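Work through the exercises below with the model open. Try each task before reading its solution.

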Amino acid sequence: MLVLFWTALFLIFYVIAGYGLLLLVLLAIKGRRPMPKLQTPMKISFLIPAHNEERVIAAKLENTLTLDNPLGHDIEIAIVCDGCTDRTAEIAQSFADRGVLTLPTESHDGKLAAMNWALPQLSGDVVIFSDANSLLSQNALVALMTHFADPKVGGVCGQISVSKSSKGGIGKSDSLFWRYDQALKHAESSLGGTVSAQGSIYAIRRALTGPINPGCADDFVMSVRVVHDGYRLAFEPDAVTEEHITEKLRQEAGRRVRSTEMGWRGLMENRSLLNPVRHGLYAWQLFSHKFLRRLVPAFLVIAFFANLFILDEGWFYGLTLLAQVALYGAAAIAALVPAFRKVPGVSMAMFFVSSNIAMLLGLVNYMRGRKLSKWTPIREEETV
């Protein structure tokens, strides 16, 4: 039990802090990659999947149409309406005279099915994927496309920022998480390559895109396919997208359950990328950033129950158990009593615990063979 306890504790520390520290050491030794400057305009396709997004689609299209484009890239914008029953398609079609292509599907079969149907109809050399509710920074297009001057780069992922309207404890905790996660991606980009993209904003050479199997995370599968085909995935911190985070704990947890289930399935389908003989540093990065991170909930459970069996080993193990009980107790009270989240550190404890519970449930769903193909996105008034 002592071995189990310390092994679990070590793995938790490694995932949360040790991996990042090792990245920084390697980056200091190797240095950042030089980035050539893109000189030639390219044909670009924006692909925006949407299901009942009438409240945000006009703002999204205006934002996309007015992005900086000093090189004069030839841009097509395609909205694939996944069985929309509101005015999303009608609003998108009103932008037809500005070059927006509306692709409505007959039924709501889910984002993956809509993307798989729309991709062959695009003509760009590069496809930029972006969510309907994600507004991009003015220079996002320029920042993303610069990387494609390097013929070894097959894809680029952008950076997520949490909307200033997300002022609650969950929003602040999520913002801290994304800053941490994207600091890892920034370092990874100059080593083996960024591990994977996040769906709000990423770009892939069209020749490297393809159909995605049901039940998988589209952003993960599409971006790691780049590495599988022998290219590198880069990270661009200046291609920023802003997202609103709900303060409804159950909805936020549900999103994480889905992302874990679909992400883990995508990882298992691409587990050959974990082979360090073939993929070098990238395999280690993928193992640390995605494989081990998804297993942290299991390590937490092992550490807790192993701790119960080693209390007679000394006072130190009484303190470690007390610390765990305090963490989970504070998280539970905060979940039940929102006012308690104002206590310093409590919101972060709740975010950490609820995120790991959600990941554990996502893994259980995967093991049970559950495949989620469609869902209703979380939208609140603040996203207007």
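**Exercise 1: Overall build**

Of the protein's 384 residues, 52% count as buried (under 20% relative accessible area; exposed is over 50%, partly exposed in between; 1.4 Å probe, protein chains only). The model is predicted: local features need pLDDT of at least 70, side-chain atom pairs count only at pLDDT 80 or more, and totals for chains, interfaces and linings use all residues. Residues are numbered from 1 along each chain as its sequence is written, and side-chain values use heavy atoms, with hydrogens and water left out.

Task: state how many helices and strands the protein has, and why it counts as compact as a globular protein of its length.

Solution.
- Step 1. The secondary structure comes to 12 helices and 8 strands. Helices (H or I, at least four residues) and strands (E, at least two) are DSSP runs, numbered from the N terminus.
- Step 2. The radius of gyration, taken over C-alpha atoms, is 22 Å. The globule rule (2.2 Å times the number of residues to the power 0.38) gives 21 Å for 384 residues. The two values are close, so the protein is as compact as a globular protein of that length.
- Step 3. The C-alpha trace spans about 75 × 45 × 35 Å along its principal axes.
- Step 4. Take contacts (heavy atoms within 4.5 Å) with a separation of 6 or more. Residues 24 or more positions apart account for 80% of them.

**Exercise 2: A helix pair**

Task: find how the axes of H11 and H12 cross, and which residues make the contact.

Solution.
- Step 1. H11 covers residues 315–336 and H12 covers residues 346–367. Their axes come within 8 Å and cross at roughly 95°. Axes are lines fitted to C-alpha atoms, for helices over the stretch in contact, and angles run from 0 to 180 degrees between N-to-C directions.
- Step 2. H11 and H12 are therefore roughly perpendicular (65 to 115 degrees).
- Step 3. H11 supplies Leu327, Tyr328, Ala330, Ala331, Ala334 and Ala335. H12 supplies Val346, Ala349, Met350, Phe352 and Val353.
- Step 4. These contact residues divide into 11 nonpolar, no polar and no charged. Ala, Val, Leu, Ile, Met, Phe, Trp, Tyr, Cys and Pro count as nonpolar, Asp, Glu, Lys and Arg as charged, and the others, Gly among them, as polar.

**Exercise 3: Core and buried helix**

Task: identify which members of the largest nonpolar core touch the most other members, then describe the burial of H7.

Solution.
- Step 1. A nonpolar core is a set of buried Ala, Val, Leu, Ile, Met, Phe, Trp, Tyr and Cys residues joined through side-chain atoms within 4.5 Å. The largest has 56 residues; Leu47, Phe129, Tyr202 and Met222 touch the most other members.
- Step 2. Helix H1 (residues 2–30) gives the largest share of this core, 8 residues.
- Step 3. Tyr202 has contacts that include Phe129, Asp218, Asp219 and Met222, not counting residues up to four places away in sequence.
- Step 4. In H7 (residues 218–228), 10 of the 11 residues are buried, so the helix is largely enclosed by the rest of the structure. Asp218, Asp219 and Met222 are among them.
- Step 5. Just after H7, Gly230 takes a positive phi of about 95°.

**Exercise 4: Two asparagines**

Task: is Asn270 buried or exposed, and what is the phi of Asn52?

Solution.
- Step 1. Asn270 sits in the loop between H8 (249–269) and H9 (276–294). At 13% relative accessibility, Asn270 counts as buried. Asn270 touches Val221 and Val224, not counting residues up to four places away in sequence.
- Step 2. Asn52 lies in the loop between E1 (43–50) and H2 (57–65). Its relative accessible area is 31%, so Asn52 is partly exposed.
- Step 3. Most residues other than glycine have a negative phi. Asn52 has a positive phi of about 50° although it is not a glycine.

Notes: Parallel < 35°, antiparallel > 145°, perpendicular 65-115°, else oblique.
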